[in-house]
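Please open the structure in your viewer and follow the stops below in order. At each stop, make the suggested selection before reading on.

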Amino acid sequence: MTSRKSLALKLVTLVTFAALASMAQAASAASAVFDVNRDFYPYYPSLLKWDRSVLEFTPPSVCQGCHEKQYQEWSGSVHQLAFQDPVYQGELNKAVKAVGHEISRQCEGCHTPAGVATGEVKGSGNAGLSEMALAGVSCDICHSVSGVTHWQTPSHEPENGSFILAPGAETKDGPRFVKRGPFKPGEDCGGGFHDCVQSPLHLQADLCASCHQVYHYDAHFPLEATYLEWKHGPYAQRDILCQDCHMVDTSTFMAAADGFTKPQRQQYRHYFNGANYLLSYLAAGAATKAGNQEQAKLLMKQYAMAVDRLKSAAAVEITPVYRKGALSELQVRVKNLRAGHNLPTSLTNVRQMWLEIVATDDAGRTLLSSGQVGADGSLPADARLFNSDGMGDNFHFAVDPWVVTSFSRHDTIPPKGYKDVHYGVPPLKGVRKLNIEAKLRYRQADQKVAEALLKAVPKDIDLEKIYGLKGVPPLPVVDMAVRHVVVPSRQGPR
Ligand code: HEC
Ligand code: HEC
Ligand code: HEC
Ligand code: HEC
Ligand code: HEC
């Protein structure tokens, strides 16, 4: 019979072993809260899984042979550019230098999943890579997704590429390509080249979730949370998915956003158009320089669509506030009209959306101003930005995704929500009325941040040769919404 004392001793030893084991684990993961099963996730810090078959991935030019329409739509998209994107390549290069090669798997797991699965892509740069690796988020990524592992991830949420890729399968006739799509396959689906499997996942936002929830590679902090912003908002509740706004043209997206109206089956397109007009613009310049006018046209179409999308996303309202009859404040309300997630979303600590306001008197003198971009592209310290500030472990401001482990400030606008900004009006002597113009403005990044990223591109990407860029010109700004009002300086009947 075991005495009480020896049982207690055994328990103590067990506890000690458990503590040691968990300490050993803590050395590899940032926190025991986010335990990582490395056997389950062999590409960690990317959480992608490759259901390896004898058949490898198929590059998009092969799919193009039978699916020209989808190819043309996808071809100018940000998904096609996801790996070659010079801004991405600059940041990736910095990441590898700062953290080491391991981290590039995390990034590439979303920016070129096939390149990671096959082991072909090992860091930054384009030199010598296959068409499949260069093609970024291509046909054979999405249409080989056989499932997701959202519940098994360290955060138990979709993160860092938590999908399973299965480009082929063993059948009684030997190995066959299998492509998964939304429909019940017809008789000759696949034209003899591939089998077809109907996949409900392709009609869900979960397909997009694995890549549109970006977590810190070790701390599992959600750096980009587009999917969860959407899921916790009104569009998810009404079954309006990512696809319903980003896989349709502009007017169809607006109808989906305004009336929670599901697009018709035949209205879906492979545009994957978002807000990144800068990338489309840079790539169009490169296509023109390479003499590929067709591609340049597709890219400029994407550019125009992204600008239109931004211009339809928000509204600005101005309300004068009077105290004792005198104008004392301007309340500017910014509404997120049509973004299915927060506005802005994704890289909220890099993207810039801000208010510019100017108030002048009858003689045209400026009485109040805020948010004007300087000649060097900088924003004044008092500009009212809607975004977030990244913070590293030492509670200091940080931008790079391998440093940022939380946000010290997170100020974006929820779907169908709004934020108010108040501007104090100086005493108005002898002024009858104020002319006020408020603009909601947007650009991809702060001028200095963009310059630093583009300067960091690997050597084999020559910005001047490929993109015709000698330096980094002032980043283009899009006015998402503009409101002009005239308000009297005193309240009351006249
Ligand atoms: C979970 C998937 C995922 C992972 C992991 C990931 N990214 Fe991204 N990345 C995205 C998505 C989605 C966007 C687009 C967001 C947007 O447009 O706001 C993006 C955008 C970017 C951009 C902006 C590109 C531009 O043209 O403005 C950069 C730079 C970038 N990623 C770098 C990285 C680096 C470096 C890593 C690794 C440390 C990384 N990403 C890891 C999904 C991912
Ligand atoms: C980011 C993921 C993604 C990528 C990349 C992608 N597709 Fe799709 N594809 C989808 C989704 C989602 C649907 C379902 C759309 C819907 O609701 O009808 C779809 C539908 C389809 C269909 C069914 C018919 C249709 O157009 O709806 C075909 C065929 C197809 N895709 C081929 C391709 C080809 C070829 C490429 C590359 C040029 C490609 N896809 C790239 C996600 C993707
Ligand atoms: C030899 C011609 C051929 C090639 C090559 C080809 N497909 Fe198809 N595919 C078809 C045909 C035919 C259909 C059925 C009609 C349709 O939907 O266009 C089909 C259907 C599909 C569908 C729709 C499945 C559904 O939901 O019903 C998807 C998705 C798809 N193909 C993806 C791809 C991808 C990805 C590639 C490249 C890796 C590819 N196909 C290459 C001929 C081809
Ligand atoms: C394999 C990972 C992956 C999947 C799956 C994926 N995306 Fe993306 N997506 C990315 C990456 C990476 C980028 C950013 C590339 C860059 O900026 O360099 C991106 C960019 C985008 C953009 C453009 C953002 C902008 O700034 O303009 C949109 C819109 C988008 N994705 C929508 C979708 C939708 C809708 C789905 C699901 C049908 C989806 N994505 C599935 C990885 C993915
Ligand atoms: C109701 C329409 C709607 C839905 C639903 C929607 N979006 Fe968007 N999305 C927009 C609009 C409008 C913008 C442009 C404004 C902005 O950047 O937020 C946008 C922008 C984006 C961007 C670009 C952000 C950037 O900074 O460049 C990405 C990436 C994106 N959406 C992905 C998604 C994903 C993933 C989903 C599903 C989880 C989704 N969207 C659902 C309307 C929608």
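Select strand E10 (residues 326-336) together with strand E16 (residues 418-424). In this predicted model, E10 and E16 pair in the antiparallel sense, and 7 bridges link them. To find one position along this pairing, label Leu 330: Tyr 423 in E16 stands opposite this residue.

Keep E10 in view and add strand E9 (residues 314-323). E9 and E10 run antiparallel and are joined by 10 bridges. Which residue of E10 is the bridge partner of Ala 314? Select Asn 336, which is that partner. Then move to the hairpin of E9 and E10, where 2 residues lie between the strands. Lys 324 in this hairpin takes a positive phi near 50°.

**The two domains**

Colour residues 32-307 as domain 1, and residues 313-447 with 479-488 as domain 2, following the domain assignment of the protein. The C-alpha centres of the two domains are 33 Å apart. Where they touch, domain 1 contributes 24 residues to the contact and domain 2 contributes 17 residues.

Now select the elements on the domain 1 side of this contact. Helix H5 (86-99), strand E8 (222-224), helix H11 (226-231), helix H12 (234-237), helix H13 (242-246) and helix H14 (250-259) each supply at least two residues there. Which of these elements gives the largest share? H5 does, with 4 residues. Colouring this side of domain 1 by residue class gives 17 nonpolar, 4 polar and 3 charged residues.

**Around ligand 1**

Centre the view on ligand 1 and show the 26 residues around it. Val 87, Glu 91, Cys 107, Cys 110 and Ser 346 come nearest to the ligand. Two elements give two or more residues to this shell, namely H5 and helix H6 (102-111). H6 gives the most, with 6 residues.

How do the residues of the shell divide into nonpolar, polar and charged? The shell around ligand 1 holds 13 nonpolar, 10 polar and 3 charged residues. With the domain colours still switched on, note that domain 1 and domain 2 each provide at least three residues of the shell.

**Two open sheets**

Next, select strands E4, E5 and E6, which form an open sheet in the order E4-E5-E6 with mixed pairing. Strand E4 (168-171) and strand E6 (194-198) are at the edges; each has a single partner strand, so one side of each has no neighbour in the sheet. From one strand to the next, the twist averages 45°. Look along E4 and strand E5 (residues 174-181), which pair in the antiparallel sense over 4 bridges. Label Thr 171 and Gly 174 here, since Gly 174 in E5 is the bridge partner of Thr 171.

Finally, select strands E1, E3 and E2. These 3 strands also make an open sheet, in the order E1-E3-E2, and the pairing is again mixed. Which strands stand at the edges of this sheet? They are strand E1 (49-50) and strand E2 (145-148); each has a single partner strand, so one side of each is left without a neighbour in the sheet. E2 pairs with strand E3 (residues 163-165) in the antiparallel sense, over 3 bridges. As a last label, mark Val 148 and its bridge partner in E3, Phe 163.

Methods. Residues numbered from 1 in each chain as written. Chains lettered and ligands numbered in written order. Predicted model: local features only at pLDDT ≥ 70, side-chain atom pairs only at ≥ 80, totals over all residues. Pairing = 2+ DSSP bridges. Axes fitted to C-alpha atoms, helices over the stretch in contact; angles between N-to-C directions. Domains from an automatic or database assignment. Contact = placed C-beta atoms within 7 Å. Nonpolar A, V, L, I, M, F, W, Y, C, P; charged D, E, K, R; others polar. Near = placed C-beta within 6 Å.
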